[in-house]
Amino acid sequence: MTNVNTNKYYVFYDGECGFCNFWVHWILKKDVKNQFLFASLQSEFGQQFLSERNLELKNLDTLYLWKPEKYYLQKSQAVFKISEVIGGLYTLLSYFRYIPTSLTDFFYDRVAANRKKLAAGACEIPTAEERKKFVS
């Protein structure tokens, strides 16, 4: 992938999911240190990310967090790392990473399977400043 900022964390999410979009906007509001960029899994950038890692291109139930040239995390481990990067009280959530991933991903998968029931398809419109954080 070219033109990536190795100092940022990239959040890949289902761009057609209202629940997912809610949480993207939540991260945007909490990202006071300007550490995150966002791309939907359906975007060209998202599909390239998945393809380069031999990940399923059609499986949109998974959240990915990518730190270029270092690592990528998925599902519950991505959530825990996002909370750590945001910091403050949210750091407490990151301590759940010490629970076996099989258990935390079990709960993640239950939420992911029902995410479209949890939120309507309507999405909050990002501000002009927030739109700069989205990679197409």
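## Salt bridges, packing and cores: worked exercises

In a salt bridge, the side chains of Lys81 and Glu84 come to 3.3 Å, N to O. The term requires a side-chain nitrogen of Lys or Arg within 4 Å of a carboxyl oxygen of Asp or Glu. The model is predicted: local features need pLDDT of at least 70, side-chain atom pairs count only at pLDDT 80 or more, and totals for chains, interfaces and linings use all residues. Residues are numbered from 1 along each chain as its sequence is written, and side-chain values use heavy atoms, with hydrogens and water left out.

**Exercise 1.** Place Lys81 and Glu84 in the secondary structure, then classify the burial of Lys81 and of Glu84.

*Solution.*
- Step 1: find the element. Both residues lie in helix α3, three residues apart, about one turn of the helix. Helices (H or I, at least four residues) and strands (E, at least two) are DSSP runs, numbered from the N terminus.
- Step 2: apply the burial scale. Under 20% relative accessible area is buried, over 50% is exposed, and in between is partly exposed (1.4 Å probe, protein chains only).
- Step 3: classify. Lys81 has 18% and is buried. Glu84 has 30% and counts as partly exposed.

**Exercise 2.** How many salt bridges does a search of the whole structure find? Which parts of the chain does the pair of Glu130 and Lys29 tie together?

*Solution.*
- Step 1: count. The search returns nine salt bridges.
- Step 2: take one pair. Glu130 and Lys29 form a salt bridge, with their closest N and O atoms 2.8 Å apart.
- Step 3: locate the partners. Glu130 belongs to helix α7 (residues 128–131) and Lys29 to helix α1 (residues 18–30), so the pair joins parts 101 residues apart in sequence.
- Step 4: check burial. Glu130 is buried at 12% relative accessibility; Lys29, at 47%, is partly exposed.
- Step 5: look for a network. Salt bridges link Asp14, Asp61 and Arg115 in one.

**Exercise 3.** Analyse the salt bridge of Asp109 with Lys75, then the backbone of Lys75.

*Solution.*
- Step 1: distance. The closest N and O atoms of Asp109 and Lys75 are 2.9 Å apart.
- Step 2: location. Asp109 sits in helix α5 (residues 101–113) and Lys75 in helix α3 (residues 75–86), 34 residues apart, linking distant parts of the chain.
- Step 3: burial. Asp109 has a relative accessible area of 25% and is partly exposed. Lys75 has 19% and is buried.
- Step 4: backbone. Lys75 has a positive phi, near 50 degrees, in a residue other than glycine.
- Step 5: a second case. Asn34 is not a glycine, yet its phi is positive, about 55 degrees. Asn34 lies in the loop between α1 and β2 and is partly exposed at 38%.

**Exercise 4.** Describe the packing of α3 against α5.

*Solution.*
- Step 1: choose the descriptors. Two packed helices are described by the angle between their axes and the distance between the axes.
- Step 2: read them. The angle is about 95 degrees and the axes are 7 Å apart. Axes are lines fitted to C-alpha atoms, for helices over the stretch in contact, and angles run from 0 to 180 degrees between N-to-C directions.
- Step 3: classify. Under 35 degrees is roughly parallel, over 145 roughly antiparallel, 65 to 115 roughly perpendicular, and the rest oblique. α3 and α5 are therefore roughly perpendicular.
- Step 4: list the contact (heavy atoms within 4.5 Å). From α3 come Lys75, Ser76, Gln77, Val79 and Phe80; from α5 come Thr101, Thr104, Asp105, Tyr108 and Asp109.
- Step 5: sort by type. The contact has three nonpolar, four polar and three charged residues. Nonpolar covers Ala, Val, Leu, Ile, Met, Phe, Trp, Tyr, Cys and Pro; charged covers Asp, Glu, Lys and Arg; the others, Gly among them, are polar.

**Exercise 5.** Identify the largest nonpolar core and the contacts of Phe38.

*Solution.*
- Step 1: define the set. A nonpolar core joins buried Ala, Val, Leu, Ile, Met, Phe, Trp, Tyr and Cys residues through side-chain atoms within 4.5 Å.
- Step 2: describe the largest. This core has 18 residues, and Val11, Phe36, Phe38, Leu63, Leu65 and Ile82 have the most contacts inside it.
- Step 3: assign elements. β1 (9–13), α1, β2 (36–40), α3 and α5 each give two or more residues to this core.
- Step 4: zoom in. Leaving aside neighbours within four places in sequence, Phe38 touches Val11, Tyr13, Val24, Ile27, Leu28, Lys133, Phe134 and Val135.
- Step 5: look elsewhere. A second, separate core has 12 residues, including Phe45, Phe49, Leu50 and Leu55.
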